[in-house]
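Let's take a walk through this structure together, starting with the overall layout and ending with the charged side chains. Please have the coordinates open in your viewer as you read.

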Amino acid sequence: MRAAGIALLAALVVAPGLARAQSAPPQSAEERFRNLPPEKQEELRKRFRELQQLPPEERQKLRENLERLNRMPPSERAQVEDNFRRFRDMPPEERQQILERWRKFKNLPPERRAQLREQFFRVLRADPARRKQILENMRRWEQMTPDEREQARERFRERQEERRMRREERREKKEQRREKRIERLHSR
């Protein structure tokens with residue numbers, strides 16, 4: 001039901017923007033609604049009924065989100081509307097996956113959400129080739145079974161330990177060479 005509320009909110013936000021883009025003089029919400037095609041009107045009626053069935057606190061949260069959206073600078077708002085259009089155009093199973101991931105993210109402790117945001121922005125800032133590799137690794141990770149993931153973690157830990165051991169060996173050899181040079185200098 002929450003997804004329906006979000007969809008209604010976005011529909012209510014996008015529809016006025018579309019109406020403004022199509023006509024020069026400002027219109028009331030009722031005029032904009034009446035100018036929509038009948039199928040769009042019916043879709044909005046259906047979503048309005050869904051909205052009315054939401055608990056009052058969820059409706060209030062949607063109102064606050066709408067107000068926040070209306071206060072955004074035009075470029076930021078256009079980005080949000082574009083993101084919503086892309087979301088709306090996805091196949092239903094992809095939309096459901098995204099909503100499920102969002103619910104999981106929202107249920108994480110604040111510090112974990114902050115870590116994930118930082119990792120996300122690190123991926124965005126990465127050069128295109130590195131970003132592509134990261135995203136491919138993430139895709140492969142998501143397709144693994146829990147057992148395969150645990151095996152991958154174990155291989156990763158083993159490789160880390162091997163690297164640590166090689167670094168330690170190199171450090172020891174370097175220290176030995178340094179000690180031999182010092183000995184040779186003292187023996188002269």
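What follows goes from the fold to one helix, and then to the charges.

Keep in mind that this is a predicted model. The secondary structure amounts to nine helices and zero strands, so along the sequence the pattern reads α-α-α-α-α-α-α-α-α. Of the 188 residues in the chain, 19% are buried.

Helix H3 (residues 38-53) is a good place for a geometry check. With 16 residues at 1.5 Å a residue, H3 should span 22 Å, and its end C-alpha atoms are 23 Å apart, which agrees. Which residues of H3 are buried? They are Gln-41, Leu-44, Arg-47, Glu-50 and Leu-51.

Now for the charges. Side chains of opposite charge can pair when their charged atoms come close. Across the whole structure, a search finds 20 salt bridges. One of them joins the side chains of Asp-82 and Arg-86, at 2.8 Å from N to O. Asp-82 and Arg-86 are four residues apart in helix H5 (residues 74-89), which means that about one helical turn separates them. An α-helix has 3.6 residues a turn, so residues three or four places apart point the same way. As for their surroundings, Asp-82 is partly exposed because its relative accessibility is 30%, and Arg-86 is partly exposed too, with a relative accessible area of 49%.

Helix H9 (residues 146-187) offers further examples. Glu-150 forms a salt bridge with Arg-153, and their closest N and O atoms are 3.4 Å apart. These two residues are three apart in H9, so they are separated by about one helical turn. Glu-150 has a relative accessible area of 38% and is therefore partly exposed; Arg-153, with 34%, is also partly exposed. This pair belongs to a network of salt bridges that links Glu-150, Arg-153, Glu-154 and Arg-157.

Further along H9, Arg-164 and Glu-161 form another salt bridge, with the closest N and O atoms 2.6 Å apart. Here again the two residues lie three apart, about one turn of the helix. Arg-164 counts as partly exposed because its relative accessible area is 38%, and Glu-161 is partly exposed at 36% relative accessibility.

Finally, look at the positive surface patch, formed by Lys-173, Lys-174, Arg-177, Lys-180, Arg-181, Arg-184 and Arg-188. Where does Arg-177 lie? Its place is in helix H9, and at 48% relative accessibility Arg-177 counts as partly exposed.

Definitions and conventions: Residues are numbered from 1 along each chain as its sequence is written. This is a predicted model: local features need pLDDT of at least 70, side-chain atom pairs count only at pLDDT 80 or more; totals for chains, interfaces and linings use all residues. Side-chain values use heavy atoms; hydrogens and water are left out. Patches are made of residues with over 30% relative accessible area and no salt bridge: like charges are joined within 9 Å, nonpolar side chains (Val, Leu, Ile, Met, Phe, Trp, Tyr) within 5 Å. Accessible areas come from the Shrake-Rupley method with a 1.4 Å probe; for residues, only the protein chains shown count as cover. A salt bridge is a side-chain nitrogen of Lys or Arg within 4 Å of a carboxyl oxygen of Asp or Glu. Lys and Arg count as positive and Asp and Glu as negative; His and the chain ends are not counted. The place of a charge is taken as NZ of Lys, CZ of Arg, CG of Asp or CD of Glu. Buried means under 20% relative accessible area, exposed over 50%, partly exposed in between (1.4 Å probe, protein chains only). The expected span of a helix is 1.5 Å times one less than its number of residues.
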